[in-house]
Each structure stands twice: as structure tokens, then as C-alpha cells.
Amino acid sequence: MSSQAPNRAQAPDRARVIPLRPGAVDQQAARPAPARPAPGRPAPARPAPTGPAAREPLWRHLVGDVLRRERLAQERTLKDVADAARISMPYLSEVERGRKEASSEVLAAAAQALGLGLGDLLSRAQGELVRLTSRTAAPRRGPAAPRRDGLCLAA
């Protein structure tokens with residue numbers, strides 16, 4: 001046996017992960033798995049991003065959250081709503097999770113299957129957008145006051 005052969009007992013095999021986005025692997029490892037809501041209880045809205053790189057939420061996430069909350073509030077299954085809307089169950093699931101940017105026709109069909117109009121769906125999503133962004137934005141009160149650092153020079 002050669003002295004250069006690796007010793008399997010000392011060096012375990014490890015997969016090398018190359019993230020598509022910088023920091024994506026570290027964020028995934030640090031984030032706990034999301035808990036599924038109990039049946040009959042609405043899913044919690046996605047929390048607003050925090051930290052220095054806080055961004056406004058994406059429209060597809062807001063619309064998906066509204067669709068999922070309404071479906072769960074009505075205690076209906078994904079299959080039931082997808083069948084009523086005449087769209088595939090996997091696609092509706094992707095829309096609810098904010099992974100797909102649905103067309104207005106798909107959103108109107110999903111909303112109608114839930115007993116909503118397209119305007120109702122978009123209005124609720126807009127309300128969520130206002131609620132989430134008003135929490136993260138600094139309140140604006142008139143023109144900025146001049147800064148006084150407390151330094152005073154006397155002659």
C-alpha cells in the first residue's frame with residue numbers, strides 16, 4: 001500500500017457546495033425550517049427583511065401569501081382550489097410560495113376559485129405591501145432639522 005493513498009478513516013468524504021448567490025449557503029444553514037401552520041389556521045406572513053440590506057418584498061410573495069391565507073381560512077385544499085381554478089396543483093403551489101410570477105389570468109382564476117375578485121386579491125396584496133414597508137421605512141416628519149452636535153466655540 002502506498003503512503004500517499006488517503007486514509008478514509010481520517011478524512012471523511014464531504015460534498016462541496018458552490019452557492020449560486022454569495023452567502024446563500026450560510027443563510028440556509030442558519031435558518032430553521034419553517035413550521036407548517038395547523039389546519040384551519042392562516043399561514044403567517046413572511047417577515048419583513050431586516051438588517052442593512054433590507055429590501056421591499058416582492059409582489060409575487062405578497063400575492064402568494066394572500067392566496068394561501070385565504071385558502072387556509074376557508075379550510076380548502078390546494079387540489080380543491082387548483083381544480084376549481086382549472087390550473088395545475090403544482091403551479092398553484094409555486095404561486096402561493098412566491099416562486100412563480102403568475103399571469104393576470106391565473107391570478108383571476110385562483111381568486112375566483114376562492115370567491116374573490118381580482119381587485120380584492122390585488123387590494124389585499126397592496127395592503128400587505130403598505131403594512132410591511134411602513135414598518136421598515138423610517139417615519140418622515142417635515143424637512144430635516146439641522147444637526148447640532150453640541151460643540152460650541154467661544155471667543
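## Exercises on a predicted all-helix chain

Of the 155 residues in the protein chain of this predicted model, 24% count as buried.

**Exercise 1.** Determine how many helices and strands the protein chain holds, and where confidence is lowest and highest.

*Solution.* Begin with the elements: the protein chain has six helices and zero strands, so that, read from the N terminus, the order is α-α-α-α-α-α. Turn next to confidence, where the mean pLDDT of the protein chain is 76 and 52% of the residues reach at least 70. Finally, go by element: helix α1 (residues 24-30) has the lowest confidence, with a mean of 49, whereas α3 has the highest, at 97.

**Exercise 2.** Work out how α3 is oriented relative to α4, and which residues make the contact.

*Solution.* Take the geometry as the starting point: helix α3 (residues 78-85) packs against helix α4 (residues 89-96) at an angle of about 110°, and their axes are 9 Å apart. Because angles of 65 to 115 degrees count as roughly perpendicular, α3 is roughly perpendicular to α4. Then list the partners: α3 contributes L78, K79, V81 and A82, while α4 contributes M89, L92, S93 and E96. Sorted by class, this contact of α3 with α4 comprises five nonpolar, one polar and two charged residues.

**Exercise 3.** Describe the packing of α2 with α4 and the classes of the residues in their contact.

*Solution.* Helix α2 (residues 59-73) and α4 pack at an angle of about 115°, and here the axes lie 7 Å apart. On the α2 side the contact involves R60, G64, D65, L67, R68 and R71, which meet S93, V95 and E96 in α4. By class, the contact of α2 with α4 has two nonpolar, two polar and five charged residues. Comparing the lists of partners, S93 and E96 of α4 appear in the contact with α3 and also in the contact with α2.

**Exercise 4.** Locate P57, decide whether P57 is buried, partly exposed or exposed, and find which residues P57 touches.

*Solution.* P57 is situated in the loop between α1 and α2. Its relative accessible area is 21%, and because buried would require under 20% and exposed over 50%, P57 is partly exposed. Leaving aside residues up to four places away in sequence, P57 touches L62, L129, L132 and T133. As for separation, P57 and E128 stand 71 residues apart in sequence, yet their C-alpha atoms are 9.5 Å apart in space. For the protein chain as a whole, among contacts between residues at least 6 apart in sequence, 67% join residues at least 24 apart.

Key
Residues numbered from 1 in each chain as written. Predicted model: local features only at pLDDT ≥ 70, side-chain atom pairs only at ≥ 80, totals over all residues. Heavy atoms only, no water. Axes fitted to C-alpha atoms, helices over the stretch in contact; angles between N-to-C directions. Helix = DSSP H or I, 4+ residues; strand = E, 2+ residues; numbered from the N terminus. Parallel < 35°, antiparallel > 145°, perpendicular 65-115°, else oblique. Contact = heavy atoms within 4.5 Å. Nonpolar A, V, L, I, M, F, W, Y, C, P; charged D, E, K, R; others polar. Buried < 20%, exposed > 50% of the residue type's maximum accessible area, 1.4 Å probe, protein only. pLDDT = per-residue confidence, 0-100.
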